[in-house]
Structures are given as C-alpha cells and as structure tokens.
Amino acid sequence: MSNLFEIKGLKSEIEGKEILKGFDLTIKAGEVHAIMGPNGTGKSTLASSIMGHPKYEVTDGQVLLNGEDVLEMGVDERALAGLFLAMQYPSEITGVTNADFLRSAINARRGEGNEISLIKFVRQMEAKMKELEMNPEFMHRYLNEGFSGGEKKRNEILQMMLLEPKLVILDEIDSGLDIDALKIVAAGVNAMRSEERSFLIITHYQRLLNYIKPDHVHVMMQGRIVKSGGPELAERLEAEGYEWVKEELGIVDETVGQA
Amino acid sequence: MSTPTASFGRDAASSIARSKNEPAWLVAWRENAGELASRLELPKPEKTPIQRWPLDLYGTDRPGAKIDSASQLPEALTKLLPAEAGGALIVQHNSSVVYTHLSDELKAKGVVLASLEEAARSHEELVRKHLMTAYAPDEHKLAALHAALWNGGVFLYVPRGVEIEEPVQALLFADDAEATFVPHVLIVAEANSRVTVVENASTAVGDAALVLNGAVEVFAKAGSQVRYAAVHSLEKGAVDVSYRRAVLEQDARIEWIVGELQDGNILSDTKTILKGNGSTSDAKIITVGTGKQRMSLTTGAVHFGLSTESDMITRAVMKEEGTAVINGVTKIEKGATRANGQQTEKVLMLSPKARGDANPILLIDEDDVKAGHAASVGQVNAEQVHYLMSRGISKTEAERLIIYGFLDPVVSEIPLESVREQLQRILERKLG
Ligand SMILES: Nc1ncnc2c1ncn2[C@@H]1O[C@H](COP(=O)(O)OP(=O)(O)OP(=O)(O)O)[C@@H](O)[C@H]1O
Ligand SMILES: [Mg+2]
C-alpha cells in the first residue's frame, strides 16, 4: 500500500503560541487512523492546520497528499486535491441554502462548462440524505443555521458523501450524536471506506470505534503523538483513562499552549 | 442652490390643482399643504445632511400617454410583468396613471383599483377619510410638498372578507426628468380581507436629476392581512424619498418586503402603527450601497395595542464609497402590555471607503413587554469564507454566496417571480 497521506514535523501556532510541536504521522491508502487525547492537547489544531484555517500559522513541516505538499495550496485547492475536514464546530451561514452550497462545491470540482444538472444534483443529494435519514427539508434550510448539534454533524457527513474526498478528517463527529445517529453516521463513513480513501478520526470515545474499526490508534498529548497501537489501545483508554499513559511517559501536564 | 421655501407655497399648489381640474375639496386641501410646505422645515434624519440634496426639483406636470394594453408599455416595464397576463395592474408614467387593469371578477366583489386622482372624485369619502392621516402633511416640509404635489397615484380598496390571491402590481416609472413624480399609494383593506401588493419604482432618465417624493399608506382593518413588497431602482441622479406607513386595527397584519436598490440618494422611512390589540408587523428591508450613494433608511414600529408584535430587519451591503445610516425605532406606548418589538440592523462592509451606521432605538413606556435589538457592522465573516473554501469553493465564489445569502431573507420573499428576477438582475449589477 502506498503512503496516501504524510505529516512530517508539522509545527503550528495560534496567536503566537506553538501548539503543534513537530507532528508526524503516515497514513496508507485505505487505512483508518484514530487520534484520541485529553482536551486541549492539539487535536483540532492539527485538523485546522492541515485544512489551512487562517488563524493557524504553520511554521514548519510538510503535509503530503499523494506526495504533493498541501501546505503550498490555498484552502479551496486543498479541498479540490481531496482533503475533507468534518469540523468540530461547523459555521452557520444565513441565506445560503444547503443545496446551493453543495451544488457550488460539486461544481467547483467539475469546472466551468461542466456543471452538474439541477435534476441530477437534487437526485444525488436526496439519495444521500435518505441514507443518513435526514429530513428532506434540510436541503433548503440555510446552511447549519439553527441545526442542532447532531444535525450539524450529520450534515458534515452528507457533504463528505457528496464530495467523495481522498483523505477524510473527522473532528469529534460523534459529539452531540445520539446512539441511533451515531450508527447512521458510522454506516455512512463505512460505506465510503475503500482502497483509495483514508480516514483520520479524532474522537474522545471508543464507542465510535466499535462502529468504525480503526487500523491504528494514536494518543495525542502536548501537541504530538505520544503513543500508538491498535484498536485495543482505544479500549484500554476507554476503561482506564489517560493517567497510565502519562505515568508511563512521565508527562505531568498533557495540554499544550496553556501559559 | 435655491431653497424650497422661496419657490413653493399656497399659490403654486393652488394653481397646479386648479389646472388639473381637481375637485374643490382637494384644491383646498392642496392649498393648505402648499402653505405648510412654505414654512415647515425639512426632516432631520440622523447623520444625513439632506439639506444639500436637490430636493427643490419639483418638476412640472407631465402626464404620460394613456395606453390600452400592458403590451404597449416600454420594454423595461413589460419585463416586470408576470408571464401570465391578466393580473391586477396599475401603471404610473411620469406625472399620471396611464394604465389600470382589474379583473371583472374582482370588480364584482367590490375591489377598487384606480389612480388616486380618479379615486379623489369617484371615492371621495374613502379617500378623504384616509389620505395622509398616517403620514400627515404637517410632519415636515417633504410631507407637505408630497401632499401639495402628489399625482397619479394608486388607490386600492379591498372590501370586507375579500381575499385576493394574485399580487396586485403597481409600476411607478419616470422617463422625463422634468416631470413631477410624486406617487401616493393608498390601500384600504377592510376587515378580514387579504391582499399582496408588489410595487416597482424606476426611472429611465440617464444621469439627469429628478426627485421621487413618494408615500405609501396602508390601512389594515380588523383581521386583515396586507403584504407590501417594493423594489426601487432609480438611477444615479434621482433622489428617492419614500415614506411608508401602515396603521393596523385589531389582529391585522402587515408585511413589508423592501429592496432599496437605487443608484442615487435615498431617504426611506417605513413605519407601522400597531393600534389594534393582537396586530402584528414584519418589515424586511435590504439595500446595496454603491458609488457615492448616501442613504438614510429607517424602520419604525409604534405599539399601542395589547399583545402586539413587531419585527424589523434591515440588511445593507455597502460597497465603494456608499454611506448608509440605518435607524430602527421600536416604541412601546404605555398600556401596550405584552407587546413584543424586535429589530435587527446589519451592515456588511465590502470596501474600506464605505460607511455604515446602525442605530437601534428602543423607547419603552410599559413594563410588561418584550423588546430586543441586534445591530452589527462588519465585514464578510472569515470563518464562513473558510468553511466554504474548505469544501473547494473559491474565495470569490464563497464571498459571493455569503453576500447574496446576507440579502436572501428579502430576495426569497418577493411575491412575484418576475420581480424577484428583476431584483436578482439589479443585485448582480450592483454587486458586480
Ligand atoms: N483561537 C485560539 N486562541 C488561543 N488559543 C487557542 C485558540 N484555539 C485553540 N487554542 C488553544 O490551543 C490548545 C489546543 O487546542 P485544540 O482545540 O487543538 O485542542 P483539542 O485537542 O482539539 O481539544 P478538545 O478535545 O477539547 O477539542 C488549547 O490550549 C487551546 O486553548
Ligand atoms: Mg478539538
């Protein structure tokens, strides 16, 4: 299997505080990796830095998707290259309907003169919404406006399904989901698993990993990976918490950037 | 620049009214208004120095040529008509109404659609009882001038219990910069009636200077529902003065949906008087400021009745060197218990030279009420742009989506598709 995605020595800061301190991770095509870790250890910072959020300044390192450094690209180009981040806190945008938004996103991939027909688009969107058991009215609702926490998460997965990215990062996709919704979302993700597509799943709970079986599990502390293992690592963390990891590694304060 | 005081008064008002053979009551009424115009001061909208605007361009009486069918309208206007012809339509061209159409079915139900000039004769009692009682001639000089000079105009009467499904369309159009262009729209909706009106005001005078000194008065009787949508797209040299007023009786409802999309200066004031218990008002105004446009946009709600509710939203996108002062005034009078008045003013700034000012004002004289306001002036939200771009949408397209989205709550509610399309065209031109 080829290396689909490589993060090498990534350093990133926000408002002058260094949060990522040389982050390394390699994901092969078709793999699912999970990142767990206590609050404030840099998980969302990693996701945002990879996607190119303007608040984060990457000061060193490389992020390669199929060998191409996405850090050289604009945010939209990263998405077109195949990156997708389901955000922990998706934006609400008044006046832009879910349908208009997604059609623009799909057309950005297809290019001018090759736009998707309205009927074809509506059929696709309806089909995916049905898989996610979303009420069809969400098509014409303003993007994320007034959506409940769980509805926003489902809407992130809907976008992933329609945009068919190569590398998917899910940042706490399970937070705010009830048990049934969790199963539906997990089924959506599993349906997207393939030889050519990889996932990086950030979560606090092992429960999600019962539904989406990871190939590798990593523990993040102090802005880098401090321990890696298989699915059994997640089970132990769920049962015992993080203290044993800290003790094993001699870490007192696992957070990062807290002056 | 000459001041209006010197050039207009009782005599001028009188001679215009007489030359048009207006009924005696109206001539006297005009004379009184002319008198007021000669001594009243201009209104003083917050932070907008209108005394420097060319408001003394009264023009002369230039009636448009009557036509027999809507198809004879200029192309700019036929585009605004719904694909399916035959709906209620009234057209003012320069200083007079040139076309009116109302189906026999609605006529049979007692609905009246006529020029206000005609109604002043044919429905004297109704007109006298309502005309400029919500927007009084003695409010200020522009109101007095409006009273003295209004021409053409629209009179719509909807009898008790009559519900009109298709929107009634009013086109107000000037292509002669010399014309006095002072339309007055007077709507009387009797108890439990329902009607939607879509008004368009536009000009084709190139860069010439012109003043539209217009007014709308809506009288919504008990349990009636009136929806009033207006799209104004006057050209650069035209000053648009538009005072809109609604008076609501018990359980009546008004919805204002207004696109102020002129290229010239704007003084607009849209106010609802919630007189009757349980009456409700909803006002949505959008604008796009371009060039060196100056605008003063005010929404107002005055609560007298118990359990009355008002909501007012103004959204402005400001480009280039446009300047907007946006006022929202919610007034809850003593005794209006359980009233609820909400307002929001939002300005989206697209250029460092544009200016936007939002002034929410709450005047509350009663304890048991709810009132709220939210005002903001800001740029396109970077977080939102990032979210859209993270899905592959370019920066330009992301900003476009957000800006159109900002205006969508009004655009999507315009009741006639043809007018909604016009609005889209204007937005595309103004937003560039
Ligand atoms: N906008 C910001 N300004 C200042 N500090 C920030 C900002 N955003 C994040 N940080 C800090 O960066 C550190 C890492 O935050 P991050 O969101 O990456 O943590 P996380 O691992 O995702 O936590 P959680 O599990 O709670 O989501 C924290 O100390 C946080 O306070
Ligand atoms: Mg996080």
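In which sense do S1(B) and strand S2 (residues 96-101) of chain B pair, and over how many bridges? They pair in the antiparallel sense, over five bridges. This is a predicted model, and that pairing is a good place to enter it.

Start with the two strands themselves. B:Ile90 of S1(B) stands opposite B:Thr100 in S2(B). Two residues lie between the strands of this hairpin. One feature of the turn is B:Asn94, which takes a positive phi near 55°.

S1(B) has a second partner. It pairs with S5(B) in the parallel sense, again over five bridges. Here B:Leu89 has B:Gln169 in S5(B) as its bridge partner.

Now look at the side chains of S1(B). In a regular strand the side chains alternate between the two faces of the sheet. In S1(B), B:Leu89, B:Val91 and B:His93 point one way. B:Ile90 and B:Gln92 point the other way. Both sets are buried. Strand S1 (residues 89-93) of chain B is thus mostly covered, with five of its five residues buried.

Follow B:Gln92 to the next stop. B:Gln92 is in contact with B:Phe181. B:Phe181 sits in the loop between strand S5 (168-174) and strand S6 (184-189) of chain B. Is this loop residue buried or exposed? B:Phe181 is buried, because its relative accessible area is 1%, and buried means under 20%.

The contacts of B:Phe181 reach several places in chain B. Leaving aside neighbours within four places in sequence, they include B:Asn94, the hairpin residue met above. B:Leu172, B:Phe173 and B:Ala174 are also among them, as are B:Asn151 and B:Ser202. So is a run of residues made up of B:Leu210, B:Val211, B:Leu212 and B:Asn213. B:Leu149 is 32 residues from B:Phe181 in sequence, yet their C-alpha atoms are 8.6 Å apart.

Chain A offers a metal site. The magnesium ion (ligand 2) is coordinated by A:Ser44 through OG and by A:Gln88 through OE1, at 2.0 to 2.2 Å. A:Ser44 lies in helix H1 (residues 43-51) and A:Gln88 in the loop between strand S6 (83-86) and strand S7 (93-97) of chain A, so the pair ties together parts that are 44 residues apart in sequence. A:Ser44 is partly exposed, with a relative accessible area of 23%. A:Gln88 is buried, at 17%.

Both residues can be placed against the record for chain A. An unreviewed UniProt entry gives residues 5-247 of chain A as "domain: ABC transporter". That span is 38% helix and 30% strand. Its end C-alpha atoms lie 31 Å apart.

Technical notes
Residues are numbered from 1 along each chain as its sequence is written. Chains are lettered from A and ligands numbered from 1 in the order in which they are written. This is a predicted model: local features need pLDDT of at least 70, side-chain atom pairs count only at pLDDT 80 or more; totals for chains, interfaces and linings use all residues. Side-chain values use heavy atoms; hydrogens and water are left out. Donors are N, O and S atoms within 2.8 Å of the metal (3.2 Å for Na, K and Ca); water is not among the atoms, so sites may look incomplete. Helices (H or I, at least four residues) and strands (E, at least two) are DSSP runs, numbered from the N terminus. Buried means under 20% relative accessible area, exposed over 50%, partly exposed in between (1.4 Å probe, protein chains only). UniProt positions are given in the numbering used here, feature names are shortened, and annotations may be inferred rather than shown by experiment. Contact means heavy atoms within 4.5 Å. Two strands pair if DSSP finds at least two bridges between them.
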